[in-house]
Amino acid sequence: MQLLRRSPSTTVDAEARVAAGEERATPVELLFDLVFVFAITQVSHLVSADPTAEGFARAGVVLATVWYAWICFAWLTNNVGVDDGVVRGGVLAAAGASFLAALAVPHALDSEVLLFVAAYFVVRVLHVVLYAYGTRDAPAVRRNVLAIAPMFVLGPAALFALPWLPVEWRLPYLLVALALDVSSPFVSGVAELPVRPAHFAERFALFVIITLGESIVSIGIGAGAHPHGAVLIAVALAFVLAVLLWWAYFDVVSTAAERRLGRAAFAERAILARDAYTYIHYVIVAGIVGFAVGCKKLVGDPTNHLGTAGAVALCGGVAIYLLGHALFRLRMTLTIGRHHLVGAAASAGLIFVSPLLPALAVAGLLMVILAAAAAWERLEHADHRHQAEAVADTD
């Protein structure tokens, strides 16, 4: 059985482009992704339990660690078919280990550090073993995998030092170890790794939906059992904000990025996938997680001020999310999304005025900012389409 999804080629794959709306992710991949719903929820709980600068930093680093574990398997299942029994069993085993790591997330750097490190190590080792197994009939791809593999094992193995370090040293140590681990694909390169653009883009779009779903869960939890009055208004505003975040990604960005990935030649495609999806998408996901924490604060006490932590989470989360979109567009198209940058700056500015306004007013202003950014993008998209049609008419 040929496990590799496609063989290397130096030309653009016509077969890589599939019809819009066609389902491409497998049930095994979807099950694996669903495990991370819990992991993302746990990260937001980590921030809620410690809404300080250190708490935000800790959540950001732990989220990056969880994100990178998922990233590894997104690349794996994009290259290697999961219809093989060994691969399928390994992915399911990794899902189980990921669930254990998620259980430990709220105390990943204190009381549950050993469980987190051990489960995370199992996930990462399974990834390397399955990648080597699945690419055994593709020598060039396997060489690229094995070039990255040492850091993929040594990085997570280095985390076994965490339980023996003083608590105050654990966060910086994890950050350094993770930075070395994450830099491996950049240092060693990914030029020989095949990327199926439709499937690859869909997996990341699904993960964005998962994190947006987590924010909607946070809205419901924050509203309590008997929402009424101002709480209902806050719930409505928070839901509209979540829809606008969804719109920002799925109206233009995700489709345009998938098409750009499909047009790229083999080596360029892998580099684009590494930069724009592996690295930059973390910024997008981190923004949604912050937004979810802020939404919980918003609907929990809508008539009072958000407070510093609540404003940083809600307004800063939206700002980071839009900044991630700007970076994503810049890397994929080498163009600047001015609407994203202006929206990010305006959202961040609300942090400083939030002490003067009730939470409902801040949410309303955020809604205006996101809606204006979406309208600006639609106008820009329409202008580009009209320009293309004018050029076509003159040919």
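A disulfide here is a pair of cysteine sulfur atoms within 2.5 Å. With that cut-off in hand I went through this predicted model and noted what I found.

**Cysteines**

I looked for disulfides and got zero in the structure. I then checked Cys295, which is in no disulfide. Its nearest cysteine sulfur belongs to Cys315 and sits 10 Å away, and since the cut-off is 2.5 Å, that pair does not count. I also looked up burial: Cys295 has a relative accessible area of 0%, so I put it down as buried. Cys72 is buried too, at 3%.

**Overall fold**

I listed the secondary structure next and found twelve helices and zero strands in the chain. Read along the sequence, the pattern is just α repeated, α-α-α-α-α-α-α-α-α-α-α-α.

For overall dimensions, I took the C-alpha trace along its principal axes and got about 70 × 60 × 35 Å. I compared the radius of gyration with the rule for a compact globule: 395 residues should give a value near 21 Å, and the chain has 21 Å, so the two agree. I noted that 52% of the 395 residues count as buried. On contacts, I took pairs at least 6 apart in sequence, and 81% of them join residues at least 24 apart.

**Helix α8**

I wanted to know how the span of α8 compares with expectation. This helix runs over residues 230–263, and its 34 residues should span 50 Å at 1.5 Å a residue. The end C-alpha atoms are 49 Å apart, which agrees. I still found a kink in α8, about 45 degrees and centred on Val253.

**Nonpolar core**

Which residues touch the most other members of the largest nonpolar core? I got Trp70, Phe73, Phe204 and Tyr277, out of 119 residues in that core. Helix α2 (residues 53–79) gives the most to this core, with 16 residues.

I followed Tyr277 further, leaving out residues up to four places away in sequence. Tyr277 touches aromatic residues including Trp67, Phe200, Phe204 and Phe328. Its contacts also take in Ile71, Ala201, Ala257, Leu261, Leu272 and Met332, plus the charged Glu258.

**Asn144**

Last stop was Asn144, which I placed in helix α5 (residues 139–158). Is Asn144 buried or exposed? Its relative accessible area is 8%, so I logged it as buried. Again leaving out residues up to four places away in sequence, I found that Asn144 touches Gly189, Val190, Ala191, Glu192 and Leu193.

Key. Residues are numbered from 1 along each chain as its sequence is written. This is a predicted model: local features need pLDDT of at least 70, side-chain atom pairs count only at pLDDT 80 or more; totals for chains, interfaces and linings use all residues. Side-chain values use heavy atoms; hydrogens and water are left out. Helices (H or I, at least four residues) and strands (E, at least two) are DSSP runs, numbered from the N terminus. The expected span of a helix is 1.5 Å times one less than its number of residues. The bend at a residue is the angle between axes fitted to the seven residues ending there and the seven starting there. A nonpolar core is a set of buried Ala, Val, Leu, Ile, Met, Phe, Trp, Tyr and Cys residues joined through side-chain atoms within 4.5 Å. Buried means under 20% relative accessible area, exposed over 50%, partly exposed in between (1.4 Å probe, protein chains only). Contact means heavy atoms within 4.5 Å. The radius of gyration is taken over C-alpha atoms; the globule rule is 2.2 Å times the number of residues to the power 0.38.
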